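Here's a quick walk through one protein model, from the overall layout down to how its helices pack. Have the structure open and follow along.

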Amino acid sequence: MINKIGVLPKFTGTQINYYFVCHRKLWLFSKGIRMEQESDTVFQGKLVGEQSYGRRRKEIAIGDNIVIDGFDAAKGVIYEVKKSRAVEKAHIWQTKYYLYILKQLGVEATAEIDYPLIRRTEKLRLSEEDELEIEKLTEAVQDILQSYKPPGLKNKTFCRKCAYYEFCWQ
Ligand code: SF4
């Protein structure tokens, strides 16, 4: 079940995430270029979340761009579930971006990122410094998207796990 709040944030959480992963990936994704593995990865992530937490947590959507894995209104906590075996900067800032958007809507919340595969939970709150950082971050994302050429390639070894590998390297 998705509860619509009804505001359109400028970027999706995935775009914020990809900014930290690879600027070229952010650009390709934002231009609507999708590779099959990309949707598989999203599906697997969803599956991990559902297997770990079942239907206990309700997804919430903010506009058409953002879907947060769970929100406990009584506790004021949002939940994200990651299938990764490592806590990554991309996950942290994606989730802080959600906290920032919620704050813009008058909802103050904290967050927990669950990593079921390593049985770890990362607790987050949004500081004033984070808010300034997110404002800079969204400007940087905007700058990348305004370019009509995709940013350069990353390191080939890093790229092997990426859904765009064949697109970028063949
Ligand atoms: S294959 Fe490499 S350069 Fe291309 S989008 Fe993925 S990480 Fe970026």
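## The core

Let's start in the middle, bearing in mind that this is a predicted model. The largest nonpolar core has 35 residues, and the ones touching the most other members are Ile16, Leu26, Ile66, Ile68, Ile78, Tyr97 and Val141. Several elements chip in with two or more residues each: helix 1, helix 2, helix 4 (89–104) and helix 5 (128–146), plus strand 2 (60–62), strand 3 (66–68) and strand 6 (110–115). Helix 4 is the top contributor to this core, with eight residues.

## The overall layout

Zooming out, the protein has seven helices and seven strands. Read from the N terminus, the order is β-α-α-α-β-β-β-β-α-β-β-α-α-α. Of the contacts between residues at least 6 apart in sequence, 68% link residues at least 24 apart.

How much of the protein is buried? Of its 170 residues, 44% are. The accessible surface adds up to about 10300 Å², and carbon and sulfur atoms account for 49% of that.

## Helix 1 against helix 2

Helix 1 (residues 13–21) and helix 2 (residues 23–30) pack with axes 6 Å apart, at an angle of about 150°. The pair is therefore roughly antiparallel. On the helix 1 side, the contact uses Thr14, Gln15, Tyr18, Tyr19 and Val21, while helix 2 brings His23, Lys25, Leu26, Phe29 and Ser30. By type, that contact splits into five nonpolar residues, four polar and one charged.

Helix 2 is largely enclosed by the rest of the structure, because six of its eight residues are buried. Those are Arg24, Lys25, Leu26, Trp27, Leu28 and Phe29. After the helix comes glycine 32, with a positive phi near 85°.

## Leucine 26 and the link to helix 5

What does leucine 26 touch, leaving aside its neighbours within four places in sequence? The list is Gln15, Tyr18, Tyr19, Val141, Ile144 and Leu145. Val141, Ile144 and Leu145 are also among the helix 5 residues that meet helix 1.

Helix 1 and helix 5 have their axes 11 Å apart and pack at about 80°, so they are roughly perpendicular to each other. Here Gln15, Ile16, Tyr19 and Phe20 of helix 1 face Leu137, Thr138, Ala140, Val141, Ile144 and Leu145 of helix 5. This contact has eight nonpolar residues, two polar and no charged ones.

## Helix 4 against helix 5

Helix 5 also packs on helix 4: the two axes come within 10 Å and cross at roughly 105°. That angle makes helix 4 roughly perpendicular to helix 5. Trp93, Lys96, Tyr97, Tyr100 and Lys103 come from helix 4, and Asp130, Glu131, Glu133, Ile134, Glu135, Leu137 and Thr138 from helix 5. Charge has a place in this contact, which counts five nonpolar residues, one polar and six charged.

## Threonine 95

One more stop in helix 4 is threonine 95. Is this residue buried or exposed? Threonine 95 counts as buried because its relative accessible area is 0%, against a cut-off of under 20%.

Setting aside neighbours within four places in sequence, threonine 95 contacts Ile78, Glu80, Ala111, Ile113 and Leu124. Ile78 showed up earlier too, as one of the core residues that touch the most other members.

Notes
Residues are numbered from 1 along each chain as its sequence is written. This is a predicted model: local features need pLDDT of at least 70, side-chain atom pairs count only at pLDDT 80 or more; totals for chains, interfaces and linings use all residues. Side-chain values use heavy atoms; hydrogens and water are left out. Axes are lines fitted to C-alpha atoms, for helices over the stretch in contact, and angles run from 0 to 180 degrees between N-to-C directions. Helices (H or I, at least four residues) and strands (E, at least two) are DSSP runs, numbered from the N terminus. Angles under 35 degrees count as roughly parallel, over 145 as roughly antiparallel, 65 to 115 as roughly perpendicular and the rest as oblique. Contact means heavy atoms within 4.5 Å. Ala, Val, Leu, Ile, Met, Phe, Trp, Tyr, Cys and Pro count as nonpolar, Asp, Glu, Lys and Arg as charged, and the others, Gly among them, as polar. A nonpolar core is a set of buried Ala, Val, Leu, Ile, Met, Phe, Trp, Tyr and Cys residues joined through side-chain atoms within 4.5 Å. Buried means under 20% relative accessible area, exposed over 50%, partly exposed in between (1.4 Å probe, protein chains only). Accessible areas come from the Shrake-Rupley method with a 1.4 Å probe; for residues, only the protein chains shown count as cover.
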